[in-house]
Amino acid sequence: MKRMQLLELEDQAWLPPSIRNGITDFLEFAVVKADLYKPFAPRLAAAISAANVDSVVDLCSGGGGPWLRLRDEVVRRTGREVSVTLTDYFPNIAAFKRLADSDSSGRTRFVDTSVSALNVSQDLQGLRTVFSAFHHFEPAKAQAILADALQQRQGIVIAESTQRHPLLLAYMLLTPALVLMTSPFQKPFRWSRLFWTYVIPVVPLAVMFDGIVSCLRTYTPDEMMALVRGIPGHETFDWEAGVERIGRLPVGVTYLIGTPRRSMPTAA
């Protein structure tokens with residue numbers, strides 16, 4: 001199935017924040033409840049150790065991504081008190097604050113202003129992560145995200161829970177029902193989310209639409225490695241890409257990991 005560069009509603013600047021937050025609230029709820037990225041935790045911990053850092057800068061965080069559970073798992077596996085800074089081009093500040101307040105260690109933080117994944121401030125140092133968002137970017141911009149990390153010598157981890165697979169496309173058709181069943185239990189509580197879910201059901205339909213588009217836009221490991229090979233100096237990083245299967249299912253977490261090489265070969 002060929003990748004399609006389609007448009008997601010969540011990406012559009014004209015989308016009202018109350019609807020966008022309703023979409024990201026559901027995605028955060030689904031990721032945390034299903035613990036979708038738990039099988040990927042060992043690779044993430046290994047990347048943090050390889051990059052030799054104690055801080056993570058999460059780009060395109062949406063509603064906070066998988067970090068509510070994932071940080072403790074990473075700390076356990078690395079033995080490092082890793083800090084996580086949540087960022088987004090359209091920051092969901094209420095969701096970010098909830099995650100930061102729920103972390104008793106005080107090591108989950110957030111930036112409340114817009115942060116572009118294509119041009120990250122040098123003040124934000126640490127391993128960069130992009131969960132469930134890399135597919136939003138067309139190839140030139142996706143490559144620019146990788147190039148920015150490489151140029152600033154910051155490791156980067158891309159992880160996607162979507163794939164161009166019939167099973168996941170079928171699942172997306174069920175998401176409106178899941179949104180209707182779970183909206184009152186999603187955090188933070190918002191009257192606006194209930195309005196856009198039950199009075200005018202925009203959020204359930206937007207989640208389904210964006211979910212289908214996300215699957216069709218997701219890069220394969222080979223496609224991500226092709227982006228890497230087009231970046232000047234890519235050989236100064238160690239790269240790996242693949243799919244971390246979820247149990248016995250024929251789908252899983254598609255990933256790309258790049259970390260700076262600690263020593264470079266000298267010219268003969």
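**View 1. Strands β1 and β4 pair in the parallel sense.** In this predicted model, strand β1 covers residues 55–59 and joins β4 over four bridges. One position to find in this view is Leu59, which stands opposite Val130 in β4.

**View 2. Strand β4 also pairs with strand β5.** The two strands run in the parallel sense and are linked over four bridges, with β5 made up of residues 156–160. Phe131 has Ala159 of β5 as its bridge partner. Between β4 and β5 the chain passes through helix α5, residues 139–151, and this β-α-β crossover is right-handed.

**View 3. Strand β4 is largely enclosed by the rest of the structure.** This follows because five of the five residues in the strand, residues 127–131, are buried, that is, under 20% relative accessible area. In a regular strand, side chains alternate between the two faces of the sheet. In β4, Leu127, Thr129 and Phe131 point one way, while Arg128 and Val130 point the other way. Residues on both sides are buried.

**View 4. Glu28 is a buried residue without a salt bridge.** Glu28 belongs to helix α1, which spans residues 17–34. Which side chain of opposite charge is nearest to Glu28? It is Arg98, at 4.0 Å. Leaving aside residues up to four places away in sequence, Glu28 touches Gly63, Gly64, Gly65, Arg98 and Leu99. Arg98 is thus named twice in this view, as a residue that Glu28 touches and as the nearest side chain of opposite charge.

Definitions and conventions: Residues numbered from 1 in each chain as written. Predicted model: local features only at pLDDT ≥ 70, side-chain atom pairs only at ≥ 80, totals over all residues. Heavy atoms only, no water. Buried < 20%, exposed > 50% of the residue type's maximum accessible area, 1.4 Å probe, protein only. Lys, Arg positive; Asp, Glu negative; His and termini not counted. Contact = heavy atoms within 4.5 Å. Pairing = 2+ DSSP bridges. Right-handed = clockwise from strand over helix to strand, strands pointing away.
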